[in-house]
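Dear colleague,

I am passing on to you a structure that you have not worked with before, and below it I have set out what was found in it. Please keep in mind while reading that it is a predicted model.

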Amino acid sequence: MNYEIHGDLPPMNLSTEELKAIMISFFAAHPGNYYFTSFVNTISSYIIKNGTGFKTVPNTSYFGGLCQFDQAKVREIIWDMIIDRHLTIGGAGHHDWPNFTVTERGIIYFEKANEK
């Protein structure tokens, strides 16, 4: 028998640094403009697809997004990257949060950080 879980994923068991590394890899491969909720959904899809980041139950398929606590972790990492000027607020014709963009400085940083 196979079970399906729809809704929030179980809490992640990734450290902040491990989650940040996933985000750096993504930004290195796809520099551009983002909407926070869409970006969180992208991270959720990555975690589900790779079966990493949370404890899975055997014979269970997961559909859904990060729980509120984990969304907050993603947002905090994004804000750290904004403070470091690797990301900036706004993008895609919008000049405010929850839109954000990888900066020129960020493109260089994410590429170098992803090579490590």
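I would begin with H86, which, leaving aside its neighbours within four places in sequence, is in contact with M81, T101, V102, T103, R105, G106, Y109 and F110. This residue lies in the loop between α3 (68-83) and β4 (87-89), and because its relative accessibility is 9%, where buried means under 20%, H86 counts as buried.

Turning to the helices, α1 (residues 16-29) and α2 (residues 36-50) have axes that come within 11 Å and cross at roughly 110 degrees. Since angles of 65 to 115 degrees count as roughly perpendicular, α1 is therefore roughly perpendicular to α2. On the side of α1 the contact is made by L19, I22, M23, F26 and F27, while α2 contributes F39, T42, I43 and Y46. Sorted by character, the residues of this contact between α1 and α2 comprise eight that are nonpolar, one that is polar and none that is charged.

As for the strands, β1 (residues 3-6) and β3 run parallel and are joined by four bridges, and within this pairing E4 has S61 of β3 as its bridge partner. The side chains along β3 (residues 60-63) alternate, in that T60 and Y62 point to one face and are buried, whereas S61 and F63 point to the other face and are not buried. The bridge partner of E4 is thus a residue of β3 whose side chain is not buried.

With kind regards

Technical notes: Residues numbered from 1 in each chain as written. Predicted model: local features only at pLDDT ≥ 70, side-chain atom pairs only at ≥ 80, totals over all residues. Heavy atoms only, no water. Axes fitted to C-alpha atoms, helices over the stretch in contact; angles between N-to-C directions. Helix = DSSP H or I, 4+ residues; strand = E, 2+ residues; numbered from the N terminus. Parallel < 35°, antiparallel > 145°, perpendicular 65-115°, else oblique. Contact = heavy atoms within 4.5 Å. Nonpolar A, V, L, I, M, F, W, Y, C, P; charged D, E, K, R; others polar. Buried < 20%, exposed > 50% of the residue type's maximum accessible area, 1.4 Å probe, protein only. Pairing = 2+ DSSP bridges.
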